[in-house]
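Me: I have a new structure to look at and would like to learn how to read it. Could you walk me through some features, one at a time?

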Amino acid sequence: MPKNCDNATSTSNLTGYNSSLGRVVESGCCVGCGSCAALPDSQIKMNLSSSAVLLPTIGGTGSNTKGAPPNIAAACPFTNESANEDVLARELFPEAPLHSEELGRHIQCYAGRVSSNNAYSQSSSGGLCRWLLAKMIDDDVVDFVVNVRNNPDAVDQLGFEYAIQSDSKAVLEASSKSAYCPVDMSSVLKEIRKRPGRYAITGVPCFAKAIRNLCRIDSV
């Protein structure tokens, strides 16, 4: 987690806007997911700090005079107001038979890889995630896949961005390998709000937790 949240003005403004979110940023626990910026009526924007960390900020003099959405702290994966992983798992997977403190609620653990050596060589973790996402599009399980892809024009996210894709070939070709760069979901979640459909969204665990918390407070 980032420990050098260096934009003091942004942190101060955010604390005035919502104290719970402010404490998360001040403690260095913010991962820049953008869930707080994705809610309707949120005034938060995600900006890249001088330490190359995406942080939520309130832009413009006096812009934090309008109150924050009442449920905004519940969207953040690290405030005390949001549901933790065990609560979310009980709601989402009540039929899962196994539970452990380390893994949470689960059905079973598996290891695997794609059978194509060419696809495997282009992957960082066996290629199963990309294969599954493409298969879900081809089999009409989902309409869209949301994952991180390379885009040199996304300078505020160091050349990577979340994107909505509906073509399985594009999913396989545009999103291979892991991207260890700061990205946030706020823009793509706002686009999802305007584009009805069935979505499969990938992300690191805290991003997935943020999305599930958003679903609890935002029916769209």
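Me: Which residues are linked in a network of salt bridges?

Reply: Asp140, Asp143 and Arg198 are linked in such a network. Keep in mind that this is a predicted model. Within the network, Arg198 forms a salt bridge with Asp140, and their closest N and O atoms are 2.7 Å apart. Arg198 lies in the loop between H8 and E7, while Asp140 lies in the loop between H6 and E5, so the pair ties together parts that are 58 residues apart in sequence. As for its surroundings, Arg198 counts as partly exposed because its relative accessibility is 34%.

Me: How many salt bridges does the structure hold?

Reply: The structure holds nine salt bridges. One of them joins the side chains of Glu161 and Arg149, at 3.3 Å from N to O. This pair links distant parts of the chain, with Glu161 in strand E6 and Arg149 in strand E5, 12 residues apart.

Me: Is Glu161 buried or exposed?

Reply: For burial, you compare the relative accessible area with a cut-off: buried means under 20%. Glu161 has a relative accessibility of 17%, so Glu161 counts as buried. Its partner Arg149 is partly exposed, because its relative accessible area is 30%.

Me: Which residue does Asp139 meet in a salt bridge?

Reply: The side chain of Asp139 meets that of Lys135, at 3.6 Å from N to O. Asp139 counts as partly exposed because its relative accessibility is 43%. Lys135 is also given as partly exposed, because its value is 37%.

Me: Now I would like to read a helix. Which residues of helix H8 are buried?

Reply: Here is the general idea: an α-helix has 3.6 residues a turn, so residues three or four places apart point the same way. In helix H8, which spans residues 186-194, the buried residues are Ser186, Val188, Leu189 and Ile192. These residues are on the same side of H8 because they cover an arc of only 165° around the axis. On the other side of H8, Ser187 and Lys194 are exposed.

Me: What covers the buried residues of H8?

Reply: The cover includes two helices, H3 (35-38) and H9 (205-217). It also includes the strands E1 (44-48), E5 (144-150), E6 (160-165) and E7 (199-201).

Me: Which residues form a nonpolar patch on the surface?

Reply: Leu128, Trp131 and Leu132 form that patch, and together they have about 290 Å² of accessible area. Leu128 sits in helix H6, residues 128-138. With a relative accessibility of 35%, Leu128 counts as partly exposed, because the partly exposed class lies between under 20% and over 50%.

Me: Let me step back to the whole protein. How many helices and strands does the protein have?

Reply: The protein has nine helices and seven strands. Of its 220 residues, 42% are buried. Among contacts between residues at least 6 apart in sequence, 62% join residues at least 24 apart. The protein exposes about 12,400 Å², and carbon and sulfur atoms supply 51% of that area.

Me: Where is confidence lowest, and where is it highest?

Reply: Confidence is lowest in helix H1 (residues 8-17), at a mean pLDDT of 62, and highest in E7, at 95. Over residues 1-12 the pLDDT is below 50, and this stretch has 23 contacts in the model beyond near neighbours in sequence. Where pLDDT is low, the predicted coordinates should not be read in detail. For the protein, the mean pLDDT is 85, and 87% of residues reach 70 or more.

Definitions and conventions
Residues numbered from 1 in each chain as written. Predicted model: local features only at pLDDT ≥ 70, side-chain atom pairs only at ≥ 80, totals over all residues. Heavy atoms only, no water. Patch = residues over 30% accessible without salt bridge, like charges linked within 9 Å, V, L, I, M, F, W, Y side chains within 5 Å. Areas by Shrake-Rupley, 256 points an atom, 1.4 Å probe, with all protein chains shown as cover. Salt bridge = Lys/Arg side-chain N within 4 Å of Asp/Glu carboxyl O. Helix = DSSP H or I, 4+ residues; strand = E, 2+ residues; numbered from the N terminus. Buried < 20%, exposed > 50% of the residue type's maximum accessible area, 1.4 Å probe, protein only. Arc of directions from axis to C-beta. Contact = heavy atoms within 4.5 Å. pLDDT = per-residue confidence, 0-100.
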